[in-house]
Amino acid sequence: MNKQRIALITGANQGIGFQIAKELVARGLTVLVGSRNLEKGEAAAKSIGGTARAIQLDVTDQNSIAAATKLIDKEYGHLDILVNNAAISNTRATPDMKLADYFKISMASNASLDEMRAVWETNVFGVMAVTQALLPLLRKAPFANIVNVSSGMGSLTVNCDPSTEYRKMFGPIYPASKTALNAITVAFANELEESTIKVNAVTPGFTKTALNNFEGIETLEQGAAEAVRVALLGADGPTGKFTATQGELPW
Ligand code: NAP
């Protein structure tokens, strides 16, 4: 069994996940670059180089999750770090649509239930399915870290604060999917409290990626920083926390 530290990043063929994978490789870990499209994952792993290795993983496909789990078990026998990074923000925004215009068609009063189901399928049920499947391998590591890549947009406390600038954008599709992800983070953290597995959520901040049609303002390095920090926390690290590079956030 390979006792080297193994990390799996979902949705690592581009964006923040790609950057997280790159930085964990630079720190000497074996990194499995999760990608629903294997060719894109292979291209990403090749561009990262070193110990990066592509793995086909569609978080909405139980067969894909089972195959990836089997491969990790066979090749490494355990998993030290799981970064649940894969997500989608919508299914309806057109390339020329500004975020502000998309928000107008995705509020509680007019959101498409089909779109909400599709986004939650990836961002919420996908994380549940991947985490449940990989828990036995995480339990086999000396200690393990699960990092859920959430968003400040999911914080109920922040969105209930009248002084919050963007609280009018809090809608049921993407923002609330991150609220649900936060809830799941707490559920896993509480259940695994006595185990060697830490479960935390992080927010990258508003990062320039395909997810927001490149309207974000932070770089990939800035966006990946907190996930990388939390992924590398030691056995005595915290669990059940929601953090950004600036510090702890309220759920
Ligand atoms: P991105 O560039 O669009 O990357 C998202 C990744 O998720 C892509 O690799 C995508 O694969 C993958 N993905 C989507 N559906 C998937 C599925 N069913 N199975 C497996 N992979 C799937 O966006 P990003 O900004 O880097 O997002 C990374 C994380 O940061 C997300 O959790 C996002 O919610 C969070 N976040 C981002 C921001 C921001 O400002 N960018 C802010 C807060 C939180 P494809 O290439 O195949 O589409």
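How far is an oxygen atom of the ligand from a polar backbone atom of Ala 87? The distance is 3.4 Å. Keep in mind that this is a predicted model. The protein covers 93% of the 900 Å² of accessible area that the ligand has on its own.

Stay with the ligand for a moment. A shell of 28 residues surrounds the ligand. The closest are Arg 36, Asn 85, Tyr 174, Thr 207 and Thr 209. What kinds of residue make up the shell? It divides into 12 nonpolar, 13 polar and three charged residues. Two helices deserve a look here. Helix 1, residues 15-26, supplies at least two residues of the shell, and so does helix 7, residues 174-191.

Ala 87 has company in its contact with the ligand. A backbone N or O atom of Leu 211 lies 3.4 Å from an oxygen atom of the ligand. Asn 13 uses its side chain instead: an N or O atom there is 2.8 Å from a ligand oxygen.

Now turn to the sheet. It is an open sheet of eight strands. Read across it, and the order is 3-2-1-4-5-6-7-8. The pairing is mixed. Which strands form the edges? They are strand 3 and strand 8, residues 247-248, and each pairs on one side only.

Begin at the strand 3 end. Strand 2, residues 30-35, joins strand 3, residues 52-56, through five bridges. These two strands run parallel. Find Val 31 in strand 2, and you will see Ala 52 of strand 3 opposite. On the other side, strand 2 meets strand 1, residues 6-9. Four bridges join this pair, which also runs parallel. Here Thr 30 of strand 2 stands opposite Ile 6.

How does the chain get from one strand to the next? Follow strand 1, then helix 1, then strand 2: together they make a right-handed β-α-β unit. Helix 1 thus appears again, having already supplied residues to the ligand shell. Carry on along the chain. Strand 2, helix 2 (residues 38-48) and strand 3 also make a right-handed β-α-β unit.

Look at strand 2 on its own. How many of its six residues are buried? The count is six of six. In a regular strand, side chains alternate between the two faces of the sheet. You can trace two sets of residues here. Thr 30, Leu 32 and Gly 34 point one way from strand 2. Val 31, Val 33 and Ser 35 point the other way. Residues on both sides are buried.

Go to the other end of the sheet. Strand 7, residues 242-244, and strand 8 pair over two bridges. This time the sense is antiparallel. The bridge partner of Ala 244 is Gly 247 in strand 8.

Next, pick out some single residues. Asn 84 lies in strand 4, residues 81-84. Is Asn 84 buried or exposed? Its relative accessibility is 3%, under the 20% cut-off, so Asn 84 counts as buried. Its side chain makes a polar contact with the side chain of Thr 131, at 3.1 Å.

Ile 184 is in helix 7. At 11% relative accessibility, Ile 184 is buried too. Its C-alpha atom is 9.7 Å from that of Ala 201. Along the chain, these two residues are 17 apart.

Pro 238 sits in a loop, between helix 8 and strand 7. Its relative accessibility is 38%, so Pro 238 counts as partly exposed. Compare its position with that of Tyr 76. The two are 162 residues apart along the chain, and their C-alpha atoms are separated by 26 Å.

Finish in the loop between strand 6, residues 197-202, and helix 8, residues 220-231. Asn 213 is found there, and Phe 214 lies in this loop as well. What is the phi of Asn 213? It is positive, about 55 degrees, although Asn 213 is not a glycine. Phe 214 is not a glycine either, and has a positive phi of about 60 degrees. Asn 213 has 32% relative accessibility, so it counts as partly exposed. Phe 214 is also partly exposed, with a relative accessible area of 46%.

Terms used
Residues numbered from 1 in each chain as written. Predicted model: local features only at pLDDT ≥ 70, side-chain atom pairs only at ≥ 80, totals over all residues. Heavy atoms only, no water. Near = heavy atom within 4 Å. Polar contact = N/O pair within 3.5 Å; in protein donor to acceptor, adjacent residues only side chain to side chain. Areas by Shrake-Rupley, 256 points an atom, 1.4 Å probe, with all protein chains shown as cover. Nonpolar A, V, L, I, M, F, W, Y, C, P; charged D, E, K, R; others polar. Buried < 20%, exposed > 50% of the residue type's maximum accessible area, 1.4 Å probe, protein only. Pairing = 2+ DSSP bridges. Right-handed = clockwise from strand over helix to strand, strands pointing away.
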